[in-house]
Amino acid sequence: MQSFRSEIENPIVEKDIIELADKIQQFHEGKIDEEKFRSLRLARGVYGQRQFGVQMIRIKLPYGKVTSDQLLRICDVSEEYSRGRLHITTRQDIQIHYVSLDRTPELWANLEKSDITLREACGNAVRNVTASPDAGINPEEAFDVTPYAHAVFQFFLRNPICQELGRKFKVSFSSAEDDSALSYMHDIGFIAKIKVIDGKPVLGFKVMLAGGLGSQPRLADVAYDFLESDKIIPYMESILRVFDRYGERSKRAKARLKFLVKDLGLEAFNAIVAKEQLALSNQSVEISTEGFSNTPDLSGITAPAVTIEDEASYQAWKENNVFAQKQDGLFAIGIKVNVGDFYLPEARALAALIKEYAADELRFTLRQNILVRHIREDLLPFFYTKLKALGFAELGYEAVSDITACPGTDTCNLGIASSTGAAQEMERVLKAEYPQFSVDSDLVIKISGCMNACGQHNLCNIGFQGMSIKAGKLVAPALQVLLGGGTVGNGEGRIADKVIKVPSKRGPEALRLILNDYIENSGGVDFIEYYQSKGEKYFYDFLKPLSSTDDLVDSDFIDWGNEEKYQKAVGTGECAGVVIDLVATLLVDSKDKLTNAKEALSESKLSDAIYFAYSSMVHTAKAILTGEGTKTNTHNKIISDFNEIFVGGGKIDLGTDFESFVYQINQNKQSESFAKSYIADAEKFYHLIEEYRAAALAE
């Protein structure tokens, strides 16, 4: 457990990793219950796999950026602890699979040597902050959003206000109006804008609020048409505080921000958020752009001489996979990675290339691909030959034939049907039968293995969702066909309609019918416009024959990429699961939070100290309410119910009502004196409840 201690320079990170190792040991010894342990490991990027006894590790890479050193470190970790395959996610992370739980602290410590974290890559926290992969190089962008995405990542990492939310919280930054980071599907999405105020250009963002996918997708509301850049962190902090207090915690399906905003209404929600401003340590947070230069010095690179054997193929690659940057003479190269899976030899070779012949930077994209940035024009022939040898020069980067797919039943507990197998078969159909689409980027196809939409199937032109379908007494894998979704731009999107469900093995034929109809009858308009002009019933009618289960054959009961007969086996979802704790565990949690509050105060971290004290109070109240069998769906309800049952009922004497006692947090400006008194109140409350419970157990 301690073998990695001396290798970690950051004491906060060291403490985090040692805590994970300690909790794993306590879990094995039966000293910590499974639900609490699940919550802790998820917040550290450790996710239970579909396969028994192994874990998926999600590596958190803010806005998808990696250097050669970081990519090599990830390769070394994958080789040592996993099976040598890297998987790019739709949130610009990297996942590795089949990792032993006991080795996860050591794995994490090795990653931290290259400043790579697992912290809050899963669980009910602020997830990886995503951004336009071409941020900083896009000729159409307002400005580079990278520094702002990085500042948000740093500010909320390990921040007490967002460690135990009711559900996950997702953030994105788009640098241009094309909204390539999909602001409209996020809990909070930022689109770069410049506004002239008092004759001077001011950087800021259009702010989209409370979008989300899943079984009930919701398009985000416009919270602000323009919010100055120094206000985005305080605004997000206020939102997270309100979400932490009012967000649902017991009913998993209703625990996202989108449901809270829908229930309260945007105006009422923003009014509560505004009231929270007083509690913030900073009403304004200036974000520095220092260290985020997009003008690297590449003058020392010598272009190796190469011979292009197939000039036509090279020119096609340049036309479709190479993009001129806004920096004169520099280009970016898009690399298509089929369903996001690539392997260590290719990854290591790519790391060497970007270190020696580019600016030592690449970014993973939201469509599971790679964008290599800052390449001189005279180096493009050399890159083409090297990438072609690696299998990385295939046309179709983020085009129609580049299908996005989550892991589905390959590894995910929630997978219902194979998404990767279906995607690979459909890509084969596209290449063989529809070569005209190989470089067409105006039509987007995505596939998810279940309703949770990690593959973003309900926000694309043609989407497929893994399901099952009954055929007499048997069950076959199926795909729900969704049509008409996609990105419009500037915060606008379209949610696809669920049109029809077909057996999975008929998915490729459904795709053929849709594409054939589009080719023959669309007149060249984009797919969203064509779908809207025809309507859902039009597509349902010509796809309906594929939905019949009367004529299924044996192969229809075997999912794509499998050899055995299909069995619907859905495990417990973990990535955003709600934790239901025992009374004793909650009280231990409360005491830990008091300790954290005192430590934060000693380090003059007033905001952290105050919020840890608040969390301790809420967890203490939740513990005693849980013991009484009272529902504890939200922090707000915990506070009001405790006030009614225990304070109003005369069981606990605080000298005031519990709501006033707790809500000092948003009635006082942050100061050392308030932090000390608030922590003292939290400690007093904890001891009162400890005495009350001891007396109750003694009866």
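This report describes strands, cores and aromatic contacts in one predicted model.

Residues are numbered from 1 along each chain as its sequence is written, and side-chain values use heavy atoms, with hydrogens and water left out. Because the model is predicted, local features need pLDDT of at least 70 and side-chain atom pairs count only at pLDDT 80 or more, while totals for chains, interfaces and linings use all residues.

## A five-stranded sheet

Helices (H or I, at least four residues) and strands (E, at least two) are DSSP runs, numbered from the N terminus. Two strands pair if DSSP finds at least two bridges between them. An open sheet of 5 strands follows the order S1-S2-S5-S4-S13, and its pairing is antiparallel. Strand S1 (46-48) and strand S13 (341-343) are at the edges with a single partner strand each, so one side of each has no neighbour in the sheet. Direction ignored, neighbouring strands of this sheet are turned by 35° against each other on average.

At one edge, S1 and strand S2 (residues 55-59) run antiparallel and are joined by 3 bridges. Glycine 48 stands opposite glutamine 55 in S2.

Two helices accompany this sheet. Axes are lines fitted to C-alpha atoms, for helices over the stretch in contact, and angles run from 0 to 180 degrees between N-to-C directions; contact means heavy atoms within 4.5 Å. Helix H2 (residues 34-42) lies across S1 and S2 and runs at about 130° to S1. Helix H10 (residues 344-357) packs on the sheet, where it touches strand S4 (85-88) and S13, and its direction makes about 75° with that of S13.

## Strands S17, S18, S19 and S22

Buried means under 20% relative accessible area, exposed over 50%, and partly exposed in between (1.4 Å probe, protein chains only). In strand S18 (residues 462-471), 8 of the 10 residues are buried, so S18 is largely enclosed by the rest of the structure. In strand S19 (residues 474-483), 8 of the 10 residues are buried, so S19 is also largely enclosed by the rest of the structure.

The table lists the pairings of these strands.

| Strands | Sense | Bridges | Partner residues |
|---|---|---|---|
| S17 (residues 445-448) and S18 | parallel | 4 bridges | isoleucine 447 and phenylalanine 464 |
| S18 and S19 | antiparallel | 10 bridges | lysine 470 and valine 475 |
| S19 and S22 (residues 497-503) | antiparallel | 6 bridges | valine 481 and isoleucine 500 |

Methionine 467 also has a bridge partner in S19, alanine 478. S18 and S19 form a hairpin with 2 residues between them, and glycine 472 in the turn has a positive phi of about 70°.

## Nonpolar cores

In soluble globular proteins, nonpolar side chains tend to be buried together. A nonpolar core is a set of buried Ala, Val, Leu, Ile, Met, Phe, Trp, Tyr and Cys residues joined through side-chain atoms within 4.5 Å. The largest one here has 84 residues, and those with the most contacts inside it include Phe169, Ile232 and Phe658. Helix H17 supplies the largest share of this core, 12 residues. A second, separate core has 61 residues, among them Val66, Tyr314, Phe342 and Val372.

Leaving out residues up to four places away in sequence, isoleucine 232 touches Tyr148, Val152, Phe173, Phe190, Phe205, Leu227 and Ile287.

## Aromatic rings

Rings of Phe, Tyr and Trp (its six-membered ring) pair if their centres lie within 6.5 Å; planes under 30 degrees apart count as stacked, over 60 as edge-to-face and the rest as tilted. A search of the whole structure finds 35 aromatic pairs. In one of them, phenylalanine 169 and phenylalanine 243 are tilted, with 6.1 Å centre to centre and 45° between the planes. This pair links distant parts of the chain, 74 residues apart: phenylalanine 169 is in the loop between helix H5 (146-156) and strand S7 (171-174), and phenylalanine 243 is in helix H6 (residues 232-246). Both phenylalanine 169 and phenylalanine 243 are buried.

Tyrosine 611 and tyrosine 614 form another tilted pair, 5.1 Å centre to centre with 50° between the planes. Both lie in helix H17 (residues 606-627), 3 residues apart, about one turn of the helix. Tyrosine 611 and tyrosine 614 are both buried.

Ring pairs also link Tyr518, Phe527, Tyr530, Tyr531, Tyr538, Phe539 and Phe542 into a cluster.
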